Amino acid sequence: MSSKVEKTKKPFDKKKWRTKKYSNKQKFQEWDERRKKAVIRDYYKELNKSDNERSLDTLNGKDIDLTKQQKRPNPYKEAQERYNQIQEEKKTRRLEALKKKEEIKQALEEYKQKKKFKNKKLGKKTKKGQPVMKERLELLLEKIQANINT
């Protein structure tokens, strides 16, 4: 009864392999298919969870009016709502990043101004090329006063 089926090896299609391996279009299509399947899978998981909760509610003695139950939402709408939610999250993260970047830029600007001011004072020289000690002492005095205040 068991007939022997000869298994012949298919010839290797290099063009097909190359497009599968290196084509961005092919990779994008595969990624898009996986994403769609994942969205639908998550949707059905949520439906199963909600169905289990409903059955537990009826077992616990809570009467659920079947006429008031909503029809199952469209998976496309669910995916669209989720997409909108993700976009809003991205927008808030982007705004936070911009705010943080602006703060860093402002702190850097203040640091550069202080450094420029300090280098200006420390760089002063007399006619003979010696450093002006008055400016250096003023900087030291400011430093000490800042340490005492904090």
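**Close-up views of the predicted model**

**View 1. Asp42 and its partner Arg82.** Asp42, whose relative accessibility is 28%, counts as partly exposed, and this value, like the others given in these legends, is computed from a predicted model. The side chain of Asp42 meets that of Arg82 in a salt bridge, with a distance of 3.5 Å from N to O. Because Arg82 belongs to helix α3 (residues 75-122) whereas Asp42 belongs to helix α2, the pair ties together parts of the chain that are 40 residues apart in sequence. Arg82 has a relative accessible area of 44% and is likewise partly exposed. In general terms, side chains that carry opposite charges can pair when their charged atoms come close.

**View 2. Lys121 and two glutamates of helix α4.** The side chain of Lys121 forms a salt bridge with that of Glu138, at 3.4 Å from N to O. This pair links distant parts of the chain, since Glu138 sits in helix α4 (residues 133-149) and Lys121 in helix α3, with their positions 17 residues apart in sequence. The side chains of Lys121 and Glu138 are also listed as joined by a polar contact of 3.4 Å. A salt bridge is found between Lys121 and Glu142 as well, where the side chains meet at 3.9 Å from N to O. Here too the pair links distant parts of the chain, Glu142 being in helix α4 and Lys121 in helix α3, 21 residues apart. The accessibilities differ in class: Lys121 has a relative accessible area of 12%, so it is buried under the cut-off of 20%. Glu138, at 30% relative accessibility, counts as partly exposed, and Glu142, with a relative accessible area of 40%, is partly exposed too.

**View 3. A salt-bridge network and the count for the whole structure.** Asp32, Arg35 and Lys36 are linked to one another in a network of salt bridges. When the whole structure is searched, six salt bridges are found.

**View 4. A patch of positive charge on the surface.** Lys37, Arg41, Lys45 and Lys49 gather on the surface in a patch of positive charge. Of these residues, Lys37 is placed in helix α2, which covers residues 24-59. Lys37 has a relative accessible area of 58%, so it is classed as exposed, given that exposed means over 50%.

**View 5. A patch of negative charge on the surface.** Glu46, Glu53, Glu78 and Glu81 gather on the surface in a patch of negative charge. The elements that contribute two or more residues to this negative patch are α2 and α3. Glu78, one of the members of the patch, has its place in helix α3. With a relative accessibility of 31%, Glu78 counts as partly exposed, and it can belong to the patch because patches are made of residues with over 30% relative accessible area and no salt bridge.

**View 6. A nonpolar patch on the surface.** Phe12, Trp17 and Tyr22 make a nonpolar surface patch of about 390 Å². Tyr22 is found in helix α1, which is formed by residues 14-22. Tyr22 is exposed, its relative accessible area being 52%.

**View 7. A side-chain to backbone approach in helix α2.** A polar atom of the side chain of Ser50 lies 2.8 Å from the backbone oxygen of Leu47. Ser50 is found in helix α2, and it is partly exposed, with a relative accessible area of 22%.

**View 8. The overall fold as context for the close-ups.** The protein contains four helices and zero strands, and its elements, taken from the N terminus on, run α-α-α-α. Buried residues account for 4% of the 150 residues in the protein, and Lys121, with its relative accessible area of 12%, is among the residues that are buried.

Key. Residues are numbered from 1 along each chain as its sequence is written. This is a predicted model: local features need pLDDT of at least 70, side-chain atom pairs count only at pLDDT 80 or more; totals for chains, interfaces and linings use all residues. Side-chain values use heavy atoms; hydrogens and water are left out. Patches are made of residues with over 30% relative accessible area and no salt bridge: like charges are joined within 9 Å, nonpolar side chains (Val, Leu, Ile, Met, Phe, Trp, Tyr) within 5 Å. Accessible areas come from the Shrake-Rupley method with a 1.4 Å probe; for residues, only the protein chains shown count as cover. A salt bridge is a side-chain nitrogen of Lys or Arg within 4 Å of a carboxyl oxygen of Asp or Glu. Lys and Arg count as positive and Asp and Glu as negative; His and the chain ends are not counted. The place of a charge is taken as NZ of Lys, CZ of Arg, CG of Asp or CD of Glu. Buried means under 20% relative accessible area, exposed over 50%, partly exposed in between (1.4 Å probe, protein chains only). A polar contact is a pair of N or O atoms within 3.5 Å; within protein, one must be able to donate a hydrogen and the other to accept it, and residues adjacent in sequence count only if both atoms are side-chain atoms.
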